[in-house]
Amino acid sequence: MDFADLEAHIDSSVKMLILCSPHNPVGRVWTREELTRLGEICLKNNILIVSDEIHFDLVYNEYKHIPIASISEALAKQTITRFSPSKTFNIWGVQTSVVIIPNRDLRERYNREINSIAIGWATPFGIAALESAYRLGEEWLDQLIDFLKGNVDFIQSYLKNHIPQIKLDLPAMAGFPGTWI
């Protein structure tokens, strides 16, 4: 991440940074050092961080997802973290997600806005699906990650053997399949 370039583009009109962690679509898992530096920039400039962490559980075992809000108490108070089991556990239809807002004032403002437009209410089915996925889905998730790794290995091998002009570029910190170049 080019932090100097990021800082050069920040002025007083910048109020929010939307972070995708791990990054979508390439699956890059941000390091603690990168998240810390990004957080310092946001704190220094009073920028709210909205961290989309919907892919946090689709990370290969050799990498570790670090929620930006876990870096420090100051960052936790400046961050809205969002995630959901919908992509990982293929339960889109229940339309249930989690929003974590440690800062009480920010959480109250968020809740007022959500309630004012009548969204944000989970269904009993959604709650049960979310709880079941995170309590009972570890074996399924392990199999899914192995399956995804197998797909990447197959694509790399196929391209190398049949279409060598196309390269599959896997990010250095890949959490799941990479990008086409």
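**Entry 1: E139 and its surroundings**

I began with E139, which has a relative accessibility of 59% and therefore counts as exposed, since the cut-off for that label is over 50%. I note at the outset that I am reading a predicted model. I then placed the residue in the fold and found E139 in helix α6, which runs over residues 138-162. Which residues gather with E139 in a patch of negative charge? I found that E138, D142 and D146 join E139 in this patch, which lies on the surface.

**Entry 2: The fold as a whole**

I next looked up the overall architecture, and recorded six helices and six strands in the protein. Following the chain along its sequence, I wrote down the order of these elements as α-β-α-β-α-β-β-α-α-α-β-β. For the dimensions, I took the C-alpha trace along its principal axes, where the span is about 55 × 45 × 25 Å. I also looked up burial, and noted that of the 181 residues in the protein, 37% are buried.

**Entry 3: Salt bridges around E7**

How many salt bridges does a search of the whole structure find? I recorded seven, and went through some of them by residue. Side chains of opposite charge can pair when their charged atoms come close, and I kept that in mind while reading the distances.

I looked first at E7 and R37, whose side chains meet in a salt bridge with an N to O distance of 2.7 Å. This pair links distant parts of the chain, because E7 sits in helix α1 (residues 3-8) and R37 in helix α2 (residues 32-44), 30 residues apart. For E7 I noted a relative accessible area of 24%, so this residue is partly exposed, and R37, with 29%, is likewise described as partly exposed.

E7 also forms a salt bridge with K44, and here the closest N and O atoms are 2.8 Å apart. I noted that this pair, too, links distant parts of the chain, with E7 in helix α1 and K44 in helix α2, 37 residues apart. Is K44 buried or exposed? I found K44 to be exposed, at 61% relative accessibility.

**Entry 4: A pair within one helix, and a network**

I then turned to E73 and K77, which form a salt bridge whose closest N and O atoms are 3.4 Å apart. Both residues lie in helix α3 (residues 73-77), and because they are four residues apart there, about one helical turn separates them. On accessibility, I wrote down E73 as exposed, at 59%, and K77 as partly exposed, with a relative accessible area of 44%. Returning to the wider set of pairs, I noted that E7, R37, E40 and K44 are joined into one network by salt bridges that share partners.

**Entry 5: The largest nonpolar core**

Last, I looked inside, at the largest nonpolar core, which holds 15 residues. Those that touch the most other members are L17, L19, L35, L38, I49, I68 and I71. The elements giving two or more residues to this core are β1 (16-20) and α2. Which element gives the largest share of this core? I recorded α2, with four residues; helix α2 is also where I had placed R37 and K44.

Note on methods
Residues numbered from 1 in each chain as written. Predicted model: local features only at pLDDT ≥ 70, side-chain atom pairs only at ≥ 80, totals over all residues. Heavy atoms only, no water. Patch = residues over 30% accessible without salt bridge, like charges linked within 9 Å, V, L, I, M, F, W, Y side chains within 5 Å. Areas by Shrake-Rupley, 256 points an atom, 1.4 Å probe, with all protein chains shown as cover. Salt bridge = Lys/Arg side-chain N within 4 Å of Asp/Glu carboxyl O. Lys, Arg positive; Asp, Glu negative; His and termini not counted. Charge placed at Lys NZ, Arg CZ, Asp CG, Glu CD. Buried < 20%, exposed > 50% of the residue type's maximum accessible area, 1.4 Å probe, protein only. Core = buried A, V, L, I, M, F, W, Y, C linked by side-chain atoms within 4.5 Å.
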